[in-house]
Amino acid sequence: MTASPLTASSSFPPVKTWTWQGFSICYQQQGDTGIPVILVHGFGASWWHWRKNIPDLAQTCRVYAIDLIGFGGSAKPTPGELQPGKQIPYSFETWGRQIADFCREVVGTPAVFIGNSVGCIAAMQAAVYAPDLTMGVAMLNCSLRLLHDRKRSGLPWYRRFGAPLIQKLLAVQPVGKLFFQQLAKPKTVKKILLQAYAHPEAVTDELVDLLMAPAKDAGAVAVFVAFTAYSQGPLPEDLLPQLSCPAIFLWGTADPWEPVDLGRELANYPQVQKFIPLQGVGHCPQDEAPELVNPILQEWIEEIGVRSEE
């Protein structure tokens, strides 16, 4: 398991582990009472990306922040590895099962799922798999999966044909490894974060370190290549109609990757109670603007608790 590089680690209790499908899964837990909440990170991140949210939410909730298999401190098996007798593909179906099983086996009661970016798709997939365990789903800048096979026809020609070509190149092991090595450098990671975050002061050395640490693990390259080649699986508009619980969207309006105008279209589904734009915030609102995000989530979770008691 990857040790955290963060000096702030003393403010959190030691991480816990849970064995799933024979693999070690890392998670953080805080709070002893209230509605359970499961926090699901985005691509390349870990539970540490919720470090600014866990203490606030834990004041009134039992908070669990999980590392999806392949990321953070969790195991990174080779894609398709048999263990035991089962394949472990890096897909939203896999992560949805992981979250649902975690809720059932570790949390033990229904919970609210909260995701960021691709973590929103994983959270919704878990809610579809386990409606009896899902009290609600909150999504922060949900991945629109614009490079999905079913969406490419609407892209400019250079993106429509360029993306599959790049995916095929990265699938060549030496090419993928070389690309990952160039990508997993502090200067490159910081440059990417400065694109995703509207407030550059939020892109700290600590943030760069926490995203880079798992990249040194064996298997990290294979996970990266597997996910960059993944253009199938569910879209948010596939999963939303299947939800049997209330949903809410928070969306940083300055997100360069997931345009807020396209995100607003997801608010048309009857399961969505609220769509809250966060003005001038980028792709990761929970980390860039926790002072906005935390109160909204706390209020909504409280509303869910009141309704569940009626």
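The exercises below deal with salt bridges and helix packing in a predicted model.

Residues are numbered from 1 along each chain as its sequence is written, and side-chain values use heavy atoms, without hydrogens or water. Local features need pLDDT of at least 70 and side-chain atom pairs pLDDT 80 or more, while totals for chains, interfaces and linings use all residues.

**Exercise 1.** Determine which parts of the chain the salt bridge of Arg 51 and Asp 287 links.

*Solution.* Start with the term: a salt bridge is a side-chain nitrogen of Lys or Arg within 4 Å of a carboxyl oxygen of Asp or Glu. Arg 51 and Asp 287 satisfy this at 2.8 Å, N to O. Next, place the two residues: Arg 51 lies in the loop between strand 3 (35-40) and helix 1 (54-57), and Asp 287 in helix 11 (residues 285-288). Helices (H or I, at least four residues) and strands (E, at least two) are DSSP runs, numbered from the N terminus. The pair therefore links distant parts of the chain, 236 residues apart. Both Arg 51 and Asp 287 are buried, where buried means under 20% relative accessible area, exposed over 50%, and partly exposed in between (1.4 Å probe, protein chains only).

**Exercise 2.** Explain why Arg 104 and Asp 101 are separated by about one helical turn, and classify the burial of each.

*Solution.* The two side chains meet in a salt bridge at 3.1 Å, N to O. Arg 104 and Asp 101 are 3 residues apart in helix 2, so about one helical turn separates them. An α-helix has 3.6 residues a turn, so residues three or four places apart point the same way. For burial, Arg 104 has a relative accessible area of 43% and is partly exposed, whereas Asp 101, at 18%, is buried.

**Exercise 3.** Describe how helix 2 packs against helix 3.

*Solution.* First, the geometry: helix 2 (residues 92-107) and helix 3 (residues 118-129) pack at an angle of about 65 degrees, with axes 7 Å apart. Axes are lines fitted to C-alpha atoms, for helices over the stretch in contact, and angles run from 0 to 180 degrees between N-to-C directions. Second, the residues in contact (heavy atoms within 4.5 Å) include Phe 92, Trp 95 and Ile 99 of helix 2 and Val 118, Ile 121 and Tyr 129 of helix 3. Third, burial: Phe 92, Trp 95 and Ile 99 are among the buried residues of helix 2. Finally, Gly 108, just after helix 2, takes a positive phi of about 85 degrees.
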